[in-house]
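Biologist: Could you take me slowly through one part of this model, and then show me how its surroundings are put together?

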Amino acid sequence: MFNEIAAIFKAQFGYSPECFSHAPGRVNIIGDHTDYNDGFVLPAAINFGTNIAIGKRRDRKIRVFAYDCSQMLIEFSLDTIEFNAKFTWVNYVAGSLKMLMRAGYLFSGADIAVSGNVPQGAGLSSSASFEIALLRAMASLYQLELSGIDAAKLGQQSENEFVGCNCGIMDQLISALGQCNQAMLLDCRSLDYQLASLPEGYSLFIVDSKVKRGLVESAYNDRRAECELVAKHFSVTALRDLTLAQLESEKANLSAVAYKRARHVITENDRTLAAFTALENKDMTQLATLMRQSHNSLQTDFETSTPEMNYLVKTINAFLGEQGGARMTGGGFGGCVVALVPIHLVEQVKNLVISEYTHVFGYSPEVHTCNAVNGAFSA
Ligand code: GLA
């Protein structure tokens, strides 16, 4: 797995790396825009990820060679970490290291080579996988006592306080602690989690609409702010603490948008818990129904879907009927849809989706048939 990144490191830095790491991207099966509302999510880590090779430096200098970003080398000192507005990819390294230092971990510099195959800007968490791979590599290199949960928190802090995206903890946590063939029900308040096997005979079918997520951060941050305002209106810590009945009783005193945003979050939490039970009971009909409902809620109440994603979901759901389900996945405003598709139908669904989508939108979507893998900190 690490031969290629080892060779890249050696060619760039002229010596052999001391440690390696790999952290996966993720797909969320259900439970979107619930994590930063202290709610529930049900993601799986996928077989796309970021590889890092790393070697120690004694001079507090960090040199990062990004094989996939025009083979660019960027250098900075741990003593003068600043946001890089020009080459934004390096902020995932700089921010994570800054948070690691702030948390009191002791280390010096490093030479780092990085390469990955998570499609960027597609909503499959290429950035979380980069952060978690980096933290895993630093933990190995400097023998830092860093758990998967610690790493996830540091990655999220880096996004919130350094990169400028007010994301929740889902992506970093599943990249750190995902498990082979399992989906994870994560309680984003307590960070307790439970695992359930993905259904046998089904493929984790991901279709990238190829609409790059434009203006993601600002639109995403707006959604979060809208949710927090409703929580404040009810004097609760987060929307997790609100019931649908409470929301309904205040409908007249809320703006139409605030009401819709909160309704999505409250109903999505319920759907996510129900989806975990459905997975445990191997009840695919129920799971598929919940996925469809989730998509509708994201489309109409949370308004994070796009015409392209709606078209993909509609096409796949119409074909599958009760045999499986599809929904948009992740932050939205472009990116991917996820579906659970019976393996014997994968080729047919793939051909259908590619031909119909290309016919309507004039370009082809990309289909990935994935499986759930271990996270960077999983045993
Ligand atoms: C992005 C964020 C996550 C989560 C999802 C939506 O992936 O990084 O924290 O909020 O969007 O569920």
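**A helix and its surroundings**

Modeller: Helix α8 is followed by Lys 282, whose phi is positive, near 55°. Helices here are DSSP runs of H or I with at least four residues, numbered from the N terminus. This is a predicted model, in which local features need pLDDT of at least 70 and side-chain atom pairs pLDDT 80 or more, while totals for chains, interfaces and linings use all residues. Residues are numbered from 1 along each chain as its sequence is written, and side-chain values use heavy atoms, without hydrogens or water.

The helix α8 itself has 25 residues and reaches 36 Å from its first C-alpha to its last, close to the expected 36 Å (1.5 Å times one less than the number of residues). Within α8, which covers residues 256-280, you will find Glu 268. Glu 268 counts as buried because its relative accessibility is 0% (buried is under 20%, exposed over 50%, partly exposed in between, with a 1.4 Å probe and protein chains only). The side chain of Glu 268 reaches the backbone nitrogen of Gly 31 at 3.0 Å. Once neighbours within four places in sequence are left aside, Glu 268 is in contact (heavy atoms within 4.5 Å) with Ile 30, Gly 31, Asp 32, Thr 34, Ser 294 and Arg 327.

Turning to the nonpolar interior, the largest nonpolar core has 58 residues (buried Ala, Val, Leu, Ile, Met, Phe, Trp, Tyr and Cys joined through side-chain atoms within 4.5 Å). Helix α3, residues 126-141, gives the largest share of this core, nine residues. Leu 97, Leu 100 and Met 138 have the most contacts inside the core, and among the residues that Leu 97 touches beyond four places in sequence are Ile 62, Phe 76, Leu 134 and Met 138. Another core, of 37 residues, lies apart from it and includes Phe 234, Val 265, Met 328 and Val 346.

The aromatic rings add a further layer to the picture, since a search of the whole structure finds ten aromatic pairs (ring centres within 6.5 Å; planes under 30 degrees apart are stacked, over 60 edge-to-face, the rest tilted; Trp counts by its six-membered ring, beside Phe and Tyr). Phe 9 and Tyr 15 make an edge-to-face pair, because their planes stand at 85°, with the ring centres 5.2 Å apart. Phe 9 is buried, with a relative accessible area of 0%, whereas Tyr 15 is partly exposed at 26%. Tyr 311 and Phe 361 are also edge-to-face, 5.6 Å centre to centre with 80° between the planes, and this pair links helix α10 (residues 307-320) to helix α11 (residues 346-361), its two members being 50 residues apart.

Note on methods: A polar contact is a pair of N or O atoms within 3.5 Å; within protein, one must be able to donate a hydrogen and the other to accept it, and residues adjacent in sequence count only if both atoms are side-chain atoms.
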